[in-house]
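Work through the exercises below with the sequence and the model at hand. Try each task before reading its solution.

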Amino acid sequence: MAKRERLSGNEAASIALRQINPDVFPAFPITPSTEIPEYFSKFVANGQVDTEFIPVESEHSSMSAALGAEAAGARALTATSSCGMALMWEELYVAASDRLPLMLALVNRALSGPININCDHSDSMGARDSGWIQLYAEDNQEVYDNFVMAYRIAEHKDVRLPIMVCQDGFITSHGVQNMELLEDEEVRNFVGEYQPEHYLLNPKEPMAVGPYAVSNYYMESKYGQVQAMKNAKQVAIDVMNEFAKISGRQYGLFEEYRLEDAEYAIVLIGSAAGTAKDAIDRLREEGRKVGLLKIRFFRPFPGEEIAKALSKVKVVGLMDRAESFSGNGGPLCAETMAALHRAGNTAKTVEYMYGLGGRDIKVEDFWHIFDELEEVANGKVVDGYSYIGLRK
Amino acid sequence: MSYNFKETMNKPERLAPGHRMCAGCGGTIAVRNVLRGLHEGDRAVIGNATGCLEVSTFMYPYTAWEDSYIHNAFENAGATLSGVEAAYNVMKKKGKLDETYKFIAFGGDGGTYDIGFQSLSGAMERNHDLVYVCYDNGAYMNTGIQRSSATPMYADTTTTPVGTESVGKPQNRKDLTAIIAEHYVPYAAQTTFFQNFKDLHIKSEKAIYKKGAAFLNIMSPCPRGWRYPTEDIMEICKLAVETNYWPLFEVEDGKWILNYKPKNRLPIEDFLKKQGRFKHLFQKENEHLIETYQKEVDRRWEELLRRCDE
């Protein structure tokens with residue numbers, strides 16, 4: 001039985017975690033993710049979970065302790081944002097190469113400097129090559145649902161990779177929305193007990209984790225990781241289909257919104273999708289063939305599938321919420337263009353940078369973008385890529 | 001506590017031979033003797049900071065460790081083992097595990113005094129039931145003998161080389177054992193390879209079985225970095241203790257205890273002159289440096305006596 005609730009994204013994440021009842025949760029506070037360990041500590045204080053909460057002295061230690069716990073045979077996670085994630089950078093790579101399916105509840109926030117507490121994707125996008133599965137959300141419902149599904153994907157025997165469950169700082173983390181929660185029992189049954197095959201605290205079989213590997217072995221270990229990441233695609237699809245059966249909510253690697261006959265489409269990640277959908281609805285009323293592709297999984301990157309979904313589109317607007325300072329667009333742009341090129345898709349593309357450090361993006365901004373996509377179809381030449389809502 | 005040298009040394013090895021540590025390495029001697037503190041039948045998870053010990057004992061696909069073992073990174077052995085210990089507690093609570101495990105982290109002075117200091121301090125303050133062992137060889141030996149905050153004053157290292165304008169490391173060494181004791185952990189001690197290893201054995205067993213966080217600082221000479229003949233290691237350690245350079249003491253439940261008081265304290269130059277890293281101190285123009293050194297050793301010894309109510 002679903003329960004209707006009004007919750008912030010951080011509350012929704014915390015409730016999902018209470019329902020999952022993970023084993024070990026080390027954390028260090030940083031805005032805007034702080035509330036997740038705060039809410040969770042109350043569950044611990046009131047005996048609502050069996051979890052060992054470790055109030056560590058830094059994010060490097062929170063990820064290190066989570067990694068140790070997961071290797072020991074426990075289901076572990078931590079939470080952070082922005083500079084907190086930057087401090088645990090080294091550990092992200094170690095967790096992935098040790099093939100430990102731990103979770104990071106990431107509330108996306110701009111990286112310093114200048115120091116800024118608001119949303120963009122510069123923290124997680126910088127970590128896109130660290131070997132973690134990355135799952136993003138548009139709204140609080142999706143945040144909650146992603147948390148419920150995450151461990152099932154990460155822990156699958158064909159995957160065994162850490163998973164980053166991302167949401168947009170303040171926009172979803174602190175914004176309150178109506179949503180539906182599953183019953184505790186339903187979540188526990190869906191997620192199940194963690195049963196690692198090899199772990200430190202296995203009395204039958206001591207094991208060693210984290211070797212020094214010379215050139216003879218290093219490359220094979222990376223190849224193993226990428227195979228696991230490729231496997232994660234089908235595993236995620238299966239888990240999402242199973243989730244649909246208990247929740248009635250069907251998810252995919254990405255979401256297509258009014259895309260089936262669209263001639264002009266935008267591709268983006270996260271909460272801006274809600275604003276984009278509103279803009280698209282209005283333009284559709286005017287008879288314009290516009291649509292949206294909202295990426296949910298940036299790792300594994302569903303390049304082939306995206307290229308297929310965009311195969312009939314004339315012009316694609318690629319919208320990044322993280323700079324990569326290449327002068328050539330952000331990470332979403334680069335990866336999507338590569339996927340289109342590989343698929344032989346000759347659609348024109350225009351790159352947009354938006355929302356850095358929490359800069360608002362409005363419905364009208366999307367109208368202007370769709371106008372420009374049409375102009376490009378009609379021969380307008382766009383110079384490089386543009387910043388949306390930049391102060392002039 | 002009774003101690004039988006032969007019996008202790010004949011316990012089954014928990015660090016197997018065949019690893020790649022140097023001949024005469026003090027770190028390996030420290031590890032093997034600490035592991036002898038484990039009671040037979042008890043299992044352990046060993047944590048290890050990046051360093052000589054890690055790269056030489058767990059080179060894929062071989063491990064020298066009989067117990068479960070985790071290496072994570074350079075600066076986080078304390079935090080990593082915190083997580084392992086927390087996992088143990090929750091697995092016990094959930095009835096998933098019957099066996100007894102103990103948790104022992106090993107780090108060199110680089111991973112302990114310096115880059116891993118924050119992680120160690122956190123693990124100690126949170127009072128996880130684990131022991132952190134520093135095998136202190138007084139420099140970053142794995143990367144080639146660079147100075148650390150554990151490097152003694154005036155030592156010639158590759159980042160404090162002796163030259164026309166330099167007499168080696170200009171600063172004093174950090175007293176990490178005292179710093180950890182000031183965390184008010186249940187047990188902190190310092191020891192080295194002395195006499196028949198009784199001090200090291202008793203402290204290891206105590207540290208491993210003391211409930212809560214424990215810290216063991218073991219002076220573990222490195223023949224390459226200190227520049228002495230490999231076979232002289234026991235003599236070097238003895239001189240460190242008999243000159244008061246490396247006093248043997250422990251702090252249990254807040255009480256400071258001096259474990260050994262030299263009958264005739266030897267001058268510090270007896271310790272220094274055995275080692276190539278202090279060779280420059282014995283040139284005529286540097287004699288005053290040995291005097292300064294002696295004053296520092298005496299000052300610290302007095303401070304220790306005061307703390308131990310001696």
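**Exercise 1: the two domains of chain A**

In chain A, 26 residues of domain 1 are in contact with 21 residues of domain 2, where a contact means that two C-beta atoms, placed from the backbone, lie within 7 Å. The model is predicted: local features need pLDDT of at least 70 and side-chain atom pairs count only at pLDDT 80 or more, while totals for chains, interfaces and linings use all residues. Residues are numbered from 1 along each chain as its sequence is written, and chains are lettered from A and ligands numbered from 1 in the order in which they are written.

Task: describe the side of domain 1 of chain A that touches domain 2 of chain A.

Solution.
- Step 1. α6 (122–126), β6 (133–135) and α9 (215–247) of chain A each supply at least two residues of this side. Helices (H or I, at least four residues) and strands (E, at least two) are DSSP runs numbered from the N terminus.
- Step 2. α9(A) gives the largest share, five residues.
- Step 3. By class, this side of domain 1 has 13 nonpolar, six polar and seven charged residues. Ala, Val, Leu, Ile, Met, Phe, Trp, Tyr, Cys and Pro count as nonpolar, Asp, Glu, Lys and Arg as charged, and the others, Gly among them, as polar.
- Step 4. Domain 1 covers 3–247 and domain 2 covers 257–387, with bounds from an automatic or database domain assignment. Their C-alpha centres lie 28 Å apart.

**Exercise 2: chain B against chain A**

Task: find which element of chain B supplies the largest share of the side that touches chain A.

Solution.
- Step 1. Contacts link 40 residues of chain B with 38 residues of chain A.
- Step 2. On chain B, β1 (43–48), α3 (52–57), β2 (68–71), α4 and α6 each supply at least two residues of that side.
- Step 3. The largest share, 13 residues, comes from α4(B).
- Step 4. The side of chain B divides into 19 nonpolar, 13 polar and eight charged residues.
- Step 5. Strand β9 (residues 208–209) of chain A is joined to β2(B) by two bridges, and the strands run parallel; strands pair if DSSP finds at least two bridges between them. B:Ile70 in β2(B) is the bridge partner of A:Val209.

**Exercise 3: two helices of chain B**

Task: state how α4(B) and α6(B) are arranged and which residues meet.

Solution.
- Step 1. The axes of α4 (residues 77–93) and α6 (residues 117–125) of chain B come within 6 Å and cross at roughly 35 degrees. Axes are lines fitted to C-alpha atoms over the stretch in contact, and angles run from 0 to 180 degrees between N-to-C directions.
- Step 2. From α4(B), B:Ala77, B:Gly78, B:Ala79, B:Leu81 and B:Ser82 meet B:Ser119, B:Leu120, B:Gly122 and B:Ala123 of α6(B).
- Step 3. These residues divide into five nonpolar, four polar and no charged.
- Step 4. B:Ser119, B:Leu120, B:Gly122, B:Ala123 and B:Met124 in α6(B) are buried, that is, 20 or more other C-beta atoms lie within 10 Å of their own. Their cover includes α3 (59–72) of chain A.

**Exercise 4: A:Val56**

Task: is A:Val56 buried or exposed?

Solution.
- Step 1. A:Val56 is in the loop between β3 (52–55) and α3 of chain A.
- Step 2. A:Val56 counts as buried because it has 26 C-beta neighbours inside 10 Å.
- Step 3. Beyond its neighbours within four places in sequence, A:Val56 has contacts that include A:Phe28, A:Ala65, B:Ala79 and B:Gly122.

Terms used:
Buried ≥ 20, exposed ≤ 12 C-beta atoms within 10 Å, placed from the backbone.
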